[in-house]
Amino acid sequence: MNAPSLVLLSQHATERMVPLGVTVEQVTVAVLEHHSRRRRNPREADWLVSSGSLRVAYNWPVGDDQAAALVVTVFRER
């Protein structure tokens, strides 16, 4: 498998989404639809994708699970 099909959210990511007005659906779509355009992330998460002003940092695969991506954080580009 060369892309995730399941998106999991860390507690930190979930907490960040509320004040940003971001939905679970928006984060999921960002990861699944933009995974092929992901960039290496120099911080805690392995990968970074963009969808409009939304940035999603995530790890993939999650352990040995090639189907799962774990969102570490979300933020908006200014």
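Five strands form an open sheet in this predicted model. Their order across the sheet is β1-β5-β4-β3-β2. The pairing is mixed. Strands β1 and β2 lie at the edges, and each pairs on one side only. Strand β1 covers residues 6-9, and β2 covers residues 39-40.

Strand β5 spans residues 68-76. Its partner β1 runs parallel to it, and four bridges join the two. Within this pair, Leu6 stands opposite Ala68 in β5. Strand β5 also pairs with β4, which is made up of residues 54-59. Here the sense is antiparallel, and the pairing extends over six bridges. Arg55 faces a residue of β5 across this pairing: Phe75 stands opposite. Strand β5 thus has a parallel partner in β1 and an antiparallel partner in β4.

A helix accompanies this part of the sheet. Helix α1, formed by residues 11-20, lies across β1 and β5. The helix runs at about 35 degrees to β5.

Aromatic rings were examined next. A search of the whole structure returned zero aromatic pairs. The ring of Trp47 does, however, have charged company. The charged end of Arg38 sits over this ring, 4.4 Å from its centre. Arg40 lies over the face of Trp47 as well, at 4.0 Å from the ring centre. Arg40 belongs to the stretch 39-40 that forms the edge strand β2. Trp47 is thus met by the side chains of two arginines, Arg38 and Arg40.

Definitions and conventions. Residues are numbered from 1 along each chain as its sequence is written. This is a predicted model: local features need pLDDT of at least 70, side-chain atom pairs count only at pLDDT 80 or more; totals for chains, interfaces and linings use all residues. Side-chain values use heavy atoms; hydrogens and water are left out. Two strands pair if DSSP finds at least two bridges between them. Contact means heavy atoms within 4.5 Å. Axes are lines fitted to C-alpha atoms, for helices over the stretch in contact, and angles run from 0 to 180 degrees between N-to-C directions. Rings of Phe, Tyr and Trp (its six-membered ring) pair if their centres lie within 6.5 Å; planes under 30 degrees apart count as stacked, over 60 as edge-to-face and the rest as tilted. A charge sits over a ring if NZ of Lys or CZ of Arg is within 6 Å of the ring centre and within 35 degrees of the ring normal.
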